Amino acid sequence: MAAPVRDRGAGAQLAAFDLSLGTRYVAGADEAGRGSLAGPLVAAAVLFDCERLRRGVQDGLVDLDDSKKHTSAARERIFRAVLAHAARVRVVFKGPREIDRRGLHRVNIEALAEALAAVAPPDCTCLVDGFELDRVAARSRQHVVALVRGDATSAAVAAASVVAKVVRDRHMRRLAARYPEWGFERHVGYSTPEHREAITACGLTPLHRRSFASVAYSQLDFGL
């Protein structure tokens with residue numbers, strides 16, 4: 001078992017978990033946009049070399065934590081630190097039409113598996129936030145663990161949650177210029193009062209997922 005990290009921040013606690021696993025490489029995967037009404041689902045995987053992870057916690061990753069616990073500005077800063085200290089990072093986009101056609105859960109699992117398989121070498125410990133990915137384990141020598149509340153437990157999963165969230169938010173803010181009436185730069189596609197009001201007033205964009213049984217769609221008729 002690796003020696004404990006001396007820092008006291010959240011990042012140190014998460015890194016201590018990954019270091020305790022006893023493998024040199026730990027990969028984590030998480031997604032952003034699973035529950036949004038519009039935009040892609042974005043899955044990310046981050047591979048940490050535990051020898052570098054210890055130094056990273058002492059230099060830039062001390063505030064690493066579940067992305068939902070941070071402001072947008074803090075996530076951007078942590079995102080840059082993750083890119084500086086990770087051995088590999090992979091991001092996978094799944095668009096709204098694919099989600100509608102094939103189903104959210106299936107697309108989500110495949111995106112997580114694709115991202116993880118792209119970064120994890122053989123004999124790497126792979127951690128996924130809450131979902132079983134049996135096919136990843138079957139295709140390789142990787143040990144895959146579905147970790148409940150993984151983004152609050154593991155540095156690799158927390159890093160993946162930050163990467164997925166930052167990349168997706170940036171993407172939605174860029175797309176907001178095409179659809180100014182919907183306010184994507186503020187809610188990035190999630191079901192907020194502002195977003196629901198925009199849907200009622202303006203209808204749906206090509207970014208919206210039509211397979212969702214949302215109250216935001218209750219006054220619309222588009223063939224569901």
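**Notebook: helix α5, Asp30 and the α1/α7 contact**

I began with helix α5 and noted that Leu104, Val107, Asn108, Ile109, Glu110, Ala111, Leu112, Ala113, Ala115, Leu116 and Val119 are buried there. The model is a predicted one, and I read every entry below with that in mind. I then checked the span of α5, which covers residues 104-119: its 16 residues reach 23 Å from the first C-alpha to the last, close to the 22 Å expected at 1.5 Å a residue.

Next I looked up Asp30, which lies in strand β1, residues 25-32. Which side chain of opposite charge is nearest to Asp30? I found Lys68, at 5.7 Å, and I recorded that Asp30 is buried yet has no salt bridge, the cut-off for one being 4 Å. Leaving aside residues up to four places away in sequence, I listed what Asp30 touches, and among them are Leu112, Asp129, Asp151, Val157 and Ala164. Leu112 is also one of the buried residues of α5.

I then turned to helix α1 (residues 10-19) and helix α7 (residues 155-175), whose axes come within 7 Å and cross at roughly 125°. That crossing makes α1 oblique to α7. The residues I noted in this contact are Leu14, Ala15 and Asp18 of α1, with Ala155, Ala156 and Ala158 on the α7 side.

Last, I took down the overall picture of the protein chain, which has 9 helices and 5 strands, in the order α-β-β-α-α-β-α-α-β-α-β-α-α-α from the N terminus on. Of its 224 residues, 54% count as buried, and among contacts with a separation of 6 or more, residues 24 or more positions apart account for 66%.

Key
Residues numbered from 1 in each chain as written. Predicted model: local features only at pLDDT ≥ 70, side-chain atom pairs only at ≥ 80, totals over all residues. Heavy atoms only, no water. Helix = DSSP H or I, 4+ residues; strand = E, 2+ residues; numbered from the N terminus. Expected span 1.5 Å × (residues − 1). Buried < 20%, exposed > 50% of the residue type's maximum accessible area, 1.4 Å probe, protein only. Lys, Arg positive; Asp, Glu negative; His and termini not counted. Contact = heavy atoms within 4.5 Å. Axes fitted to C-alpha atoms, helices over the stretch in contact; angles between N-to-C directions. Parallel < 35°, antiparallel > 145°, perpendicular 65-115°, else oblique.
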